[in-house]
Amino acid sequence: AVQMAHDQSKKEGTGQFSAKSKMQSLKKLAQNGKTEAMNELGLMLLNIREYQEAIDWFKKAIEIKPDDPVYNANLAYAYHKNGDLVSARTHYEKAAQKGLTLSHVSLGWLSIEEYKFQEAVEWFEKAVAKDGKTEYVKNLACAHELNGDYIQAIALYKKVAQQENDD
């Protein structure tokens, strides 16, 4: 469906693919209940800082597919960018419960923004347990440092350095 929007918008122009025509095509598909188009439209709106309109489209997608972790994560991010940290946390948690590791990371950074450093440690630990990416270990080390646990932070930073040397 999203590919159809892309193809249609190419035909509408001079062969040039324009964001405006893509957005118009996506809006038509979204208005016809296509959740993928709603999500894509929301992402495009995020990129141009139209946060409230992006929120509206992500919410519509979630009305149709409430358990989709990506739609919940995107809605959370839109709320986050719009300054609604309570709603952001709610939807990051929904996405995390559905197994989206990146939402654990987002919750860690949100906790840091709120000066909840121990909570950040816990969220980053969950992300590292699910996926031991070096980036996630760095995040966990940072959270330990902010939480005043310098010994654990140093141990993790050393682990990161070793992982980077091995790569």
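Tutor: Let's settle one term first: a residue is buried if its relative accessible area is under 20%, exposed if over 50%, and partly exposed in between. Keep in mind that we're looking at a predicted model.

Student: Okay, what are the secondary structure elements, and in what pattern do they come along the sequence?
Tutor: Start with the counts: there are 10 helices and 0 strands. With no strands to place, reading along the chain just gives you one helix after another. The pattern is α-α-α-α-α-α-α-α-α-α.

Student: What percentage of the residues is buried?
Tutor: The protein has 167 residues, and it exposes about 9400 Å² of surface, with 49% of that coming from carbon and sulfur atoms. Going by the under-20% cut-off, the buried share of the residues is 41%.

Student: Of the contacts between residues at least 6 apart in sequence, how many, in percent, join residues at least 24 apart?
Tutor: Here you ignore pairs that are close along the chain and look at how far apart the remaining partners sit in sequence. The share of those contacts joining residues at least 24 apart is 38%.

Student: Let's zoom in on α4. What span should its residues cover?
Tutor: Helix α4 runs over residues 51–64, which is 14 residues. The rule is 1.5 Å times one less than the number of residues. The end C-alpha atoms agree with the expected value, because both come out at 20 Å.

Student: Where do the buried residues of α4 sit around the helix?
Tutor: The buried ones are Y51, A54, I55, W57, F58, A61 and I62. Look down the axis and they fall within an arc of 170 degrees, so they line one face of the helix.

Student: Which helices help cover those buried residues of α4?
Tutor: Cover here comes down to contacts, meaning heavy atoms within 4.5 Å. The helices included in the cover of the buried α4 residues are α2, α3, α5 and α6.

Student: E63 is in α4 too. Is E63 buried or exposed?
Tutor: E63 does lie in α4, but it isn't in the list of buried residues there. Its relative accessibility is 65%, and because the cut-off is over 50%, E63 counts as exposed.

Student: How far is E63 from T35 in space?
Tutor: The two are 28 residues apart along the chain. Going C-alpha to C-alpha, the separation is 9.4 Å.

Student: Which residue in the loop between α3 and α4 has a positive phi?
Tutor: Most residues other than glycine have a negative phi. The one to look at here has a phi of about 65 degrees although it is not a glycine. At 65% relative accessibility it counts as exposed. It's R49.

Student: And which residue with a positive phi is in the loop between α7 and α8?
Tutor: That loop follows α7 (101–113) and leads into α8 (117–130). The residue has a phi near 60 degrees and isn't a glycine, and at 66% relative accessibility it counts as exposed. The name you want is Y115.

Student: At what angle do α2 and α3 cross?
Tutor: Residues including M23 and L26 in α2 meet a set in α3 that includes L41 and M44. α2 passes α3 in a left-handed crossing. The axes come within 8 Å, and the angle is roughly 145 degrees.

Methods:
Residues numbered from 1 in each chain as written. Predicted model: local features only at pLDDT ≥ 70, side-chain atom pairs only at ≥ 80, totals over all residues. Heavy atoms only, no water. Helix = DSSP H or I, 4+ residues; strand = E, 2+ residues; numbered from the N terminus. Buried < 20%, exposed > 50% of the residue type's maximum accessible area, 1.4 Å probe, protein only. Areas by Shrake-Rupley, 256 points an atom, 1.4 Å probe, with all protein chains shown as cover. Arc of directions from axis to C-beta. Axes fitted to C-alpha atoms, helices over the stretch in contact; angles between N-to-C directions. Left-handed = near helix turned anticlockwise from the far one by under 90°.
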